[in-house]
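Visitor: I am new to this one. Could you show it to me and let me ask a few things?

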Amino acid sequence: MKQDNHGKNHKYGMVIDLDKCTGCGSCMVACMSENNVPFKEDETRKKDSITWMRVYKLTNGKPFPETEICYMPRPCMHCGGKGDHGHSPCVSVCPAVATDYDHSTGIVSQIYTRCFGCRYCMGACPYHVRYFNWWDPKWPEGMENYLSPDVSPRMRGVVEKCSFCFHRYQQAKDRAYVEEREEIEEQEYQTACTQACPAGAITFGDLNNPDHAVHQMVKPDPHACGKPRNPKAFRLLERLETNPKVYYISERDWVRKAGDNYLEGEWEKVKNNHDKGHE
Amino acid sequence: NWPWTPVPPAGEATYDNTVCSLCPGNCGIMVRKIDGRPVKIEGRSDYPVNAGGVCLHGISAIQYLYDPSRIKAPLKRENDTFVEITWDEALDMVAERLTEIRASGSADKIACVTDQTKGTIPGLFARFLKATGSNNVYAMDTMEKTWEITLEKIHGGRSSAGFDLENSDFVLSFGAGLIEGWGSPVKNFKINSSRKERGSTLVQVEPRLSNTAANADVWIAAKPGTEADLALGIAGVIIKESLFNSAFVTASGKGFQELAAVLGKNYSPEAVAQTTGVKAAKIIEIARDFARSSAPIAIAGRGRGMSAGSVREFSAVHLLNCIVGNINTKGGVWTLAAQDYEKWPAVEMDDLATAAFEQAPLDSAGSMAGLFTNAGKEKNIEALLIHQANPCFALGDAGSVTEAVKKIPFVVSFSSVMDETTQEADVILPGHMLLERLEDRPSGAGVAQRVTGLSRPVIEPLFNTKNPGDTLLELARKMEGTIGASFPWESYEECLEAVTGDLWAELSDQGYAAETATPPGGGVKVDFSFIVKSQAPVEMEGEAKDFPLVLVPVDNVRISAGSLISSPFAIKTVSDNVLKGKDLLVEINPETARANKLSHGDLAVIETPKGKATVRVNLFEGIMPGVVAMAKGLGHVLDNNKYVGGKGVNINELMGPIVDPVSGLDAAWGIRARLSRA
């Protein structure tokens, strides 16, 4: 079986402009509302607060008044794994095929009915995008009326994470099928966070398609597993070769540097070296 | 599937358009429904205000709708509890009591507080009060009111401020949280986002690195409360270096020479550097950049703009717009005439009403803060009607306001949630929520292009509630006589259609009516002498020797702080550096922490002349040493909503109102404080 992302396969990905993001939190709530993410009385213990999309606040660490901050929205990175062959960190360790890599879209799935809660995937994920349901979800009486039938609510004992709103892809495909079209248009499949973002900081589309905005923004290098050729773009923990499909853009040097843990002096060597692929 | 997790029923998906009424921004939203059941809120991409974007509170309206802690039927107070009654009983109670008060000659002691004054629902409240004989209708003291007063003092005539930020190439913001919900929040997010492409510069003056300051091109950390001085200093440089628009100033200005002399004498860059802590060279640089831009705007109104601020500060800021002549021009500040689409027939008033209406209002400045400061003093409020306002939480010195409200013999709330003020009501006539409710939404919030939206029901009411418009019509009918006769409409819908007149067709057809964004024509006069006259800064309460720190309220975009209470979704997004468990964290510089022997996460007591509270400490490099920042909008009580209630502290219990000498509105922007380990 041919398993690569070239040819007709899609590679859905996201580009987040960190200079536009204002940290308003719309993406987080749009995601919760779209994907039936529950809430509980105390959501301030962030390790068990389920947020498929989470906005982190970064600072440059400098004292007043040289301080700068930057907000960084973090969905699932939908890693392609080493060589971009679909061996994402989480997929590689799942003993139940509850999380899998879809080569036709590049999306990492999560199948709740297969998951038995071993949480290996959580340990393997370097981005902390996965959350475990320690409790059954409970909605206050009447509020379950706002739940969407497109996404099943999760039960206790399973892991969940961002799906790039995969149900929206399925709906778009269904619509195209009914209308006897082979392909779906860029605007037909957009994630809930992309749609909601009031700052227009999130762009979503097919990284394999040169007509799509995401492709044009980061100029992914096909010979280096999609590494960005735009020098202002970067991926988180690039050196792990997880090959995330979420790219960030910033004009600010310190923000791009925050995308990885560099040794002293190392950043200066790599920062302008974006056109080189993996060794 | 698992039998203990809900299985949301499937069905046909449809979308309904409406307009969000949760804040003055009035975004166009679409409601996704499954078999008629609303499940999700998204932004309407063809809407002129928000063009597809939507804020987290708007999305959360879905939670407000189904919230089981809503008030589900009319209630009356019996001792310390509320008892359910029928609408007929409830309306009879209110009608009888108001009729009694009128008969005793105290109609002028009936007061009403609402979220805003524009639109037909607030219009019906004002009309109802006028027909009974009271001119006591109050809305929250906001930056919009202060801008109106500032424009009136400087230009003469009544107008409201519109800021053409989309076309400005240099925005100098004195603490306005342009991406923290200032004005029309989503519109301003969009404007900010396109700033780089438009080549527009944003300079943010604020003692703390807010999101707006972090996103701005330049952040100027001036000492809190010295914004007016900084503005005057910048104006002084522009005048001294002859960078001002002399044609405009000569043609339209009065008292410019005196002003120039005062600025030259008292507001040299060096003197202003002393007051504000901003370097003289920086003041000169900003002044030059501002004056040399083609369409510069200076704006005031801190945070979301939901507090009034001082007229001295606003007029000093507006002076900058005046001297560069950027008034009523593209990319400038516009003096917009009042929106006048509402065509009301004359109110019928009997002798009682006419006599009582002549009486002086309970607060001469029309300040809601003033209303409750005066209550319980010489002028007692006999009855209070509350619509979409929560003064017992949202006004400064909330504890005293609550005491004042408790003393009012008859309180009627039209709220749909049991907020702090409704808790004190004698009768509750619960209203529909957004998504159940019909209402016109005129624009405000400092936008240049006016868009009137129509919020309409997308679902039958879930509970036994009414549109407040209908409630008032029924109440008026029960009061009979001229009051009943002043409300000739069968239903609120009929009233809305009649009152909006020519606009109705467009409103009901496309859901909004947008004016084209053109600057108001005609010249504008500038009275510079007013700025010379208003010199006394609004000082903070408290003595520096007892309270060495300065506490400032912060608008956090993810926390709702006015009459709207945050949703469970919104609270979930709040950082654990703002709220941890049930504790609120105050933000201080590590230097302040060292001086007060505190570390990150420590429990501490914050004390002000108004009160004290236990909080935790969050260390943040981006705040000026000596300043303590505290989020607004936390600390709601809400016994039956544990997802939102009982979390954090309400900053309004630590801060009091300060009456502005010019406007009479609450100009408090901070208070002196001390912080010690708990």
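Visitor: Which residue in β2(B) does B:Val19 stand opposite?

Guide: Welcome! This is a predicted model, where local features need pLDDT of at least 70, side-chain atom pairs count only at pLDDT 80 or more, and totals for chains, interfaces and linings use all residues. Residues are numbered from 1 along each chain as its sequence is written. Seven bridges join β1(B) to strand β2 (residues 28–34) of chain B, running antiparallel, and strands (DSSP E runs of at least two residues, numbered from the N terminus) pair if DSSP finds at least two bridges between them. In β2(B), the residue opposite B:Val19 is B:Gly28.

Visitor: Which strands stand at the edges of the open sheet in chain B?

Guide: Three strands of chain B form this antiparallel open sheet, in the order β1-β2-β3. Each edge strand has a single partner, so one side of it is left without a neighbour in the sheet. The edge strands are β1 (13–19) and β3 (37–43) of chain B.

Visitor: How many degrees around the axis do the buried residues of α13(B) cover?

Guide: Buried means under 20% relative accessible area and exposed over 50%, with partly exposed in between (1.4 Å probe, protein chains only). The buried residues of α13(B) are B:Ala280, B:Ile283, B:Ile286, B:Ala287, B:Phe290 and B:Ala291. They lie on the same side of α13(B), because their arc, taken from the directions from the helix axis to the C-beta atoms, is only 125 degrees.

Visitor: Which residues are exposed on the other side of α13(B)?

Guide: Here we look across from the buried residues, among them B:Ile283 and B:Phe290. On that other side, the exposed residues are B:Ala281 and B:Arg292.

Technical notes:
Chains are lettered from A and ligands numbered from 1 in the order in which they are written. Side-chain values use heavy atoms; hydrogens and water are left out. Helices (H or I, at least four residues) and strands (E, at least two) are DSSP runs, numbered from the N terminus.
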